[in-house]
Amino acid sequence: MGQADEQNFYYANTPRTHTHAALAGEQRFDVCIVGGGLTGISAALHLAERGMRVALLEAKHLGYGGSGRSGGQTIFGYACEQATLEKTVGQADARRLWDCIVEGMNLQRELIARHAIECDYTPGHMIVGLKRRHDASLRAELDHLRRHYDYHSLRFVERDELRTLVASERYTSGLHDSNGGHLHPYRYTLGLGGAAARAGATLFENSWVTRLDVAQHAGADHHVHTAQGSIRARHLLVAGGALLGRLIPELQSKLIDIGTYIAVTQPLGEERARSLITHNAAVADMNWILDYFRLTADHRLLFGGRVSYSGIDPFDSARILRQRMATVFPQLTEARVEYAWGGFIDITLNRAPHFGRLGPNAYYMQGLAGHGMVLSTIAGRIASEVIGGDAERFDIYARIPHARFPGGTHFRRPALVLAMLWFRILDLL
Ligand SMILES: Cc1cc2nc3c(=O)[nH]c(=O)nc-3n(C[C@H](O)[C@H](O)[C@H](O)COP(=O)(O)OP(=O)(O)OC[C@H]3O[C@@H](n4cnc5c(N)ncnc54)[C@H](O)[C@@H]3O)c2cc1C
């Protein structure tokens, strides 16, 4: 899939003032992190704050993966439902996992404030339903989260009120979360990167890890190789997300990378933009193959949706997203799309995050799916805990069972395309 970097709105409006050199020669650190997305960067920050000597290796540039491409929606919960977690790890641990996310939402705001990260953080997130079945699910979710998770920032929005908030005839109800919100994901990523570097972490860009020698006993060092150098470190964290590819086949077998797309309109002017989403929340619909949208700080509509399960870019995303946008907001038919890009989401079969160990002192965190803006932030803190000797929270995640994608290397993608056709049909019912 062409990721169309020159068409990425975030990259275009965020000049890099500081870049990081590539790794050269052999170096020694306490911890080596693979991946310069939010998970790796948050871990680097939290580990450096504990006084550890940290190196982070990024194949291209910070935020090259989902962290610099995302819709920027900060959403409660996980990509799987809480019910999936309740079934797999039990009610008590499902509650602890939920609490991690709520802590992540607070931590994100704290980090933005403490490190003065200018990333347009805006409170308010809303999930919207498109049919009666969705309305009932939203009411049930509100009730479940209030009763079993003490989550009280949600409010059910009836259709009439919803029309005053989102100027579209499409939606039948909404669940507004005053604790959720949206932000500029690339500026958040770079801002956190700056904080990690100031805390003492060494970040390397253009440093693609081509080989990992994972130590097999606790007293030995891991050895991490790039084309021009290598790092020896007692602790290892792999946080390569959807772009890790074949580096670790066992991890790849539990993950599928799904292409997803975003388009951004021309500036609409404050009044016109505000007339579309009057409360300026981020909005995501309830379909399996969902539309999600929000306003940007410079009054454009940022609209995401459509996915490619076949792993190749089968369509002209700007044109298709423009059509989707016009379905939601027919009043925008004339608006020009100025940016359109794609990226990959790393998703597991049960949609729950996939954290675990590759060996003693060697950890991985992947499968954050479409909830990584918040989850990555807290995942970094949890990585610093387990590397610092406290495995309690990490091990709850590590207990979530994950199956391989059916079909092996060759047939899992066609199998998934068929499964997603089924979900598409469900959306239409
Ligand atoms: C189009 C799009 C829209 C999204 N919208 C939302 C949203 O609105 N809300 C939300 O919560 N989430 C959203 N997501 C998901 C979210 O962006 C991710 O969950 C999150 O960014 C994952 O962060 P990460 O650090 O784990 O991975 P990434 O950000 O993907 O970072 C991984 C990094 O590792 C590097 N890497 C991989 N392999 C190697 C290697 N061998 N050597 C060195 N480096 C390597 C990559 O280059 C990459 O920079 C979206 C994703 C996409 C693509």
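These legends go with a set of views of a predicted model.

**View 1. The whole chain, to get your bearings.** Start with the full fold: the chain has 13 helices and 17 strands. Its C-alpha trace spans about 65 × 45 × 45 Å along the principal axes. For 429 residues, a compact globule would have a radius of gyration near 22 Å, and the chain's 21 Å agrees with that.

**View 2. Inside and outside of the chain.** How much of the chain is buried? Buried residues account for 56% of the 429 residues. On the outside, the accessible surface adds up to about 17300 Å², and carbon and sulfur atoms own 53% of it. Contacts link distant parts of the sequence too: among those with a separation of 6 or more, 75% join residues 24 or more positions apart. As for charge, there are 46 positive and 43 negative ones, and their mean positions lie 3 Å apart.

**View 3. A close-up of A59 and what it touches.** Look for A59 in the loop between β2 (54–57) and β3 (73–74). Is this residue buried, exposed or in between? A59 has a relative accessibility of 31%, so it counts as partly exposed, since that class sits between the 20% and 50% cut-offs. Leaving out residues up to four places away in sequence, A59 touches N206, S207 and W208. G36 is worth finding as well: it is 23 residues from A59 along the chain, and the two C-alpha atoms are 7.8 Å apart.

**View 4. N206, seen from its own loop.** One of the residues that A59 touches gets a view to itself here: N206. N206 belongs to the loop between β7 (202–204) and β8 (209–213). Its backbone has a positive phi of about 50°, even though N206 is not a glycine. The relative accessible area of N206 is 54%, so this residue is exposed, the cut-off being over 50%.

**View 5. R351, another residue with a positive phi.** Which value does phi take at R351? It is near 65°, which is positive, and R351 is a residue other than glycine. To find R351, go to the loop that runs between β15 (337–347) and β16 (354–359). R351 has 23% relative accessibility, so it counts as partly exposed; a buried residue would have to be under 20%.

Key. Residues are numbered from 1 along each chain as its sequence is written. This is a predicted model: local features need pLDDT of at least 70, side-chain atom pairs count only at pLDDT 80 or more; totals for chains, interfaces and linings use all residues. Side-chain values use heavy atoms; hydrogens and water are left out. Helices (H or I, at least four residues) and strands (E, at least two) are DSSP runs, numbered from the N terminus. Buried means under 20% relative accessible area, exposed over 50%, partly exposed in between (1.4 Å probe, protein chains only). The radius of gyration is taken over C-alpha atoms; the globule rule is 2.2 Å times the number of residues to the power 0.38. Contact means heavy atoms within 4.5 Å. Accessible areas come from the Shrake-Rupley method with a 1.4 Å probe; for residues, only the protein chains shown count as cover. Lys and Arg count as positive and Asp and Glu as negative; His and the chain ends are not counted. The place of a charge is taken as NZ of Lys, CZ of Arg, CG of Asp or CD of Glu.
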